[in-house]
Amino acid sequence: MWFKVDDTLHSHPKARRAGLTAVGLWAMSGSYCMSYKTDGFIPEWFVHGWPDGLTLARRLVDVGLWSDAVQDGEKGWSFHDWGDYQPSSDEIEKERALSRERQRKRRARLRGEDPDAA
């Protein structure tokens, strides 16, 4: 799955005010969130692993790209409007299940079998 970045990010006022380094943390965190299907939640430990991570996270909050958040008792941040731009973990799983089924049927047809028998 991919973390989607709008092609106008380069000129968006929030990104410009955050600065290049903070937007780098924003992008890496988006990749993490998609990889682990966190629905836009970034745990505090992840941010601590980057140079000046807490300062950059605060900058992302200050410009409105992130919000302070707690998930399952864990402190962290969440992306602003994640669900408007990124698929949810449920949507990702549904799409993967549909893809597996399409692939199963394709392989059955290639073997000369009835893909709907099973």
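1. Asp39 sits in the loop that runs between helix H2 (20–36) and strand S1, and in this predicted model the residue adopts a positive phi of about 55 degrees although it is not a glycine. With a relative accessibility of 38%, Asp39 counts as partly exposed, because that class covers values between 20% and 50%.

2. A second aspartate deserves a similar look. Asp81, which is found in the loop between S3 and helix H5 (82–85), has a positive phi of about 60 degrees, although this residue is not a glycine either. Its relative accessibility is 33%, so Asp81 likewise counts as partly exposed.

3. A further aspartate belongs to a hairpin. Strands S2 and S3 are joined there with two residues between them, and Asp72 takes a positive phi near 50 degrees in this hairpin.

4. Turning to the strands themselves, S2 (residues 66–71) pairs with S3 in the antiparallel sense, and six bridges connect the two. Within this pairing, Ala69 is the residue that stands opposite Gly76 in S3.

5. Strand S3 (residues 74–79) is also paired with S1 (residues 41–43), again in the antiparallel sense, here over three bridges. On the S1 side, Pro43 has Gly76 of S3 as its bridge partner, so that Gly76 is placed opposite Ala69 as well as being bridged to Pro43, and S3 pairs with both S1 and S2.

Note on methods
Residues numbered from 1 in each chain as written. Predicted model: local features only at pLDDT ≥ 70, side-chain atom pairs only at ≥ 80, totals over all residues. Heavy atoms only, no water. Pairing = 2+ DSSP bridges. Helix = DSSP H or I, 4+ residues; strand = E, 2+ residues; numbered from the N terminus. Buried < 20%, exposed > 50% of the residue type's maximum accessible area, 1.4 Å probe, protein only.
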